[in-house]
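Work through the exercises below with the sequence and the coordinates open side by side. Each task is followed by a solution that proceeds step by step.

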Amino acid sequence: MFCFQCQETAGNKGCTVKGVCGKTKDVADLQDLLIYVTKGLAQVANRKGDLGDKKEAVQDRIADNLFTTITNANFNPKTVEDYIVKTLDMKKELAQGMSDLPAEAAFDVREGLTEAAKADAIGVLATKDEDIRSLRELITYGLKGTAAYTRHANVLGFRNDEVHAFMAEALEKITDDSLSVDDLVALTLKTGENGVKAMALLDEANTTKYGHPEITEVSLEPRNNPGILISGHDLKDMEALLEQTKGTGVDVYTHSEMLPANYYPAFKKYDHFVGNYGGSWWHQKEEFASFNGPILMTTNCIVPPKDDSYLDRLYTTGVASYPGAKFIDEDEKGHKDFSGIIEQAKGCKAPEKIEEGTLVGGFAHNQVFALADKVVDAVKSGAIKKFVVMGGCDGRQRDRNYYEEFAKALPEDTVILTAGCAKYRYNKLHMGDIGGIPRVLDAGQCNDSYSLAVIAMKLQEIFGLADINELPIVYNIAWYEQKAVIVLLALLSLGVKNIHLGPTLPAFLSDNVVKVLVENFNIAPNGTVEEDIQNLILS
Ligand code: FSO
Ligand code: SF4
């Protein structure tokens, strides 16, 4: 096992014995094998060219394989094996008549996958050159994020063939030993461009289906009915759960990255959609225990339960999987039956109250554009001096207190733009407003970082600036998993410079790759709160 794909990797070097996330050695190896055979499937699909009526199935297989290996999505060796076998079957069928296939495409081991996955040729360390390995992994993690966003759009009926084709092309290119560091840097930026397309597609899918997020006050207090807690990012699952719980006496609450579901007009019509329960993903052990009712994990963000205390109330769906948790599959029409969760909920106690009051969110691009005049006036009058993009992820390491302290230390003429679960470090601080504009503007989930980019581009246009970096916007971004990697690459591809990235720089970036990022984009690790307030805000 060697995994260094997330910010909490052991010693900021790599997990080698067991994941800090809880992923076992076997699952880590199997996930490496899954990525390996996915590269093989991409090689075969690229050679085939026209995939005919198999096109969507192959595209979805590739994307699901990438998605399920995102940190905290799949802890289950059985389902990872199942993904591997399905990929091998698909590849074998497509490869009929092909010869001279690369090693990844030629791989066809069916027995003893756990052992086969340990081969030196399979994992991250199979690439010996540190800089090539670093770029290959940076691209792989960007593709994982792209795949996640793409699949959420796909299930809502929205597709972008270019993005799918790019994923297959890039997966093949990172197996090609003839590519230089410069080639891979170029491919990294192309990954970012495709990330923008994937996020734009998801934005279109979510807003077309559920309306544009609008300013919303979200309750943090439970009611007295039994409840179901839903987490992750999949809004189609959210809709299905709300529909199926109608009139059952069971309330629905969001957790962590599902909070922004509260901002969508289409979900406001459900009286039993009560609000949000708890904080960001890593608080779940305590919060799922006190919630008392069943929990549905629609994507990543699973933390292995302590003592399996609420395992009998934990459900997964989509690419999320956890041993012992019940899995809800979809039927051939894409329908998911949540009746089992609802029945269990009816027999559970109401959630225990763990906090009070409300929070305010819903500032995706459409809502911010509706306030554009106010915002522009506030900037022109000097009432708002700077916007600080503080999007990204939260995490359990103590040095993440930095983000709360940074938010508290910001002068009162600054506004935070956020998306992703990083917001939980400051979205309950009641930071006030500037002339009616709240000082924390939450656009939504991590994919809604796209909204922040759209807002920046709109402001650039309004102020007639030649360069997006001339705006009074600074970036102090927190990362944890691979969706934050694609958000970062997307911002770079849009020309955003001077991003502060923390709480640590990724372990998978070699010194030379960091140098490239510093020279071309002036990316910097965050410093102390005082230093960064001085450098980003006051200077
Ligand atoms: Fe990342 Fe947060 Fe959204 Fe999670 S922002 S950390 S595991 O909630 O999924 O991408
Ligand atoms: Fe370690 Fe992160 Fe990989 Fe989990 S996902 S094994 S914590 S690097």
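The exercises concern a predicted model, and they move from strand pairing to the positions annotated in a record.

**Exercise 1. Determine how the side chains of strand β1 are arranged, and which strand pairs with β1.**

Step 1. Strand β1 covers residues 216-219, and its side chains alternate between two faces. Thr216 and Val218 point to one face and are buried, whereas Glu217 and Ser219 point to the other and are not. The cut-off needed here is that buried means under 20% relative accessible area.

Step 2. The pairing partner of β1 is strand β8, residues 358-361, and the two run in the antiparallel sense over four bridges. Within that pairing, serine 219 has threonine 358 of β8 as its bridge partner.

**Exercise 2. Work out the strand order of the sheet that contains β2, identify its edges, and find which helices pack on it.**

Step 1. Six strands form an open sheet with parallel pairing, in the order β4-β3-β2-β5-β6-β7. At the edges stand β4 (273-276) and β7 (326-328); each has a single partner strand, so one side of each is left without a neighbour in the sheet. From one strand to the next the twist averages 25°.

Step 2. As an example of a pairing in this sheet, strand β5 (residues 295-297) joins strand β6 (residues 314-317) in the parallel sense over three bridges. There, methionine 297 has threonine 316 of β6 as its bridge partner.

Step 3. Helix α10 (residues 284-291) packs on the sheet and touches β2 (227-231), β3 (251-254), β5 and β6, with a direction that makes about 155° with that of β2. Helix α11 (residues 339-346) also packs on the sheet, where it touches β2, β5, β6 and β7, and its direction makes about 135° with that of β2.

**Exercise 3. Repeat the analysis for the sheet that contains β14.**

Step 1. This open sheet has six strands with parallel pairing, in the order β13-β10-β9-β14-β15-β16. Its edges are β13 (440-442) and β16 (524-525), each with a single partner strand, so one side of each is left without a neighbour in the sheet.

Step 2. Between β14 and strand β15 (residues 500-502), which run parallel, there are three bridges. Isoleucine 477 stands opposite leucine 501 in β15.

Step 3. Helix α15 (residues 449-462) lies across β9, β10 and β14, running at about 170° to β14. Helix α18 (residues 529-538) packs on the sheet as well, touching β9, β10, β14 and β15, and its direction makes about 145° with that of β14.

**Exercise 4. Which residues does UniProt list for "binding site", and how are they placed in space?**

Step 1. The unreviewed UniProt entry lists His233, Glu257, Cys301, Cys393, Cys421, Cys446, Glu481 and Lys483 under "binding site". These positions are spread over 251 residues of sequence, yet they cluster in space, with a largest C-alpha distance of 14.0 Å. The lining of the largest cavity takes in His233, Glu257, Cys301, Cys393, Cys421, Cys446, Glu481 and Lys483 from this set.

Step 2. Glutamate 481 sits in the loop between β14 (473-478) and α16 (482-493), and it is buried, with a relative accessible area of 6%. Apart from residues up to four places away in sequence, glutamate 481 touches Ile70, Thr71, Asn300 and Cys393. Its side chain also makes a polar contact with the side chain of asparagine 300, at 3.2 Å.

Step 3. Lysine 483 belongs to helix α16 and is buried, with a relative accessible area of 0%. Its contacts, again leaving out residues up to four places away in sequence, include Ile70, His233, Asn300 and Cys446.

**Exercise 5. Describe the surroundings of the residue that UniProt lists for "modified residue: Cysteine persulfide".**

Step 1. The residue listed in the unreviewed entry is Cys393. Cysteine 393 lies in the loop between β9 (386-389) and α14, and it is buried, with a relative accessible area of 5%.

Step 2. Leaving aside neighbours within four places in sequence, cysteine 393 is in contact with several residues, among them Arg400, Cys421, Trp479 and Glu481.

**Exercise 6. Is proline 411 buried, partly exposed or exposed, and what does it contact?**

Step 1. Proline 411 is found in the loop between α14 (401-409) and β10 (414-418). Its relative accessibility is 23%, so proline 411 counts as partly exposed.

Step 2. Beyond its neighbours within four places in sequence, proline 411 is in contact with Arg439, Ile537 and Leu538. The C-alpha atoms of proline 411 and valine 529 are separated by 13 Å, although these residues are 118 residues apart along the chain.

How values were computed: Residues numbered from 1 in each chain as written. Chains lettered and ligands numbered in written order. Predicted model: local features only at pLDDT ≥ 70, side-chain atom pairs only at ≥ 80, totals over all residues. Heavy atoms only, no water. Buried < 20%, exposed > 50% of the residue type's maximum accessible area, 1.4 Å probe, protein only. Pairing = 2+ DSSP bridges. Axes fitted to C-alpha atoms, helices over the stretch in contact; angles between N-to-C directions. Contact = heavy atoms within 4.5 Å. UniProt positions renumbered as here; feature names shortened; annotations may be inferred. 1 Å grid on protein atoms, 1.4 Å probe; cavity = no way out; pocket = protein on both sides within 12 Å on 5 of 7 lines; lining within 4 Å. Polar contact = N/O pair within 3.5 Å; in protein donor to acceptor, adjacent residues only side chain to side chain.
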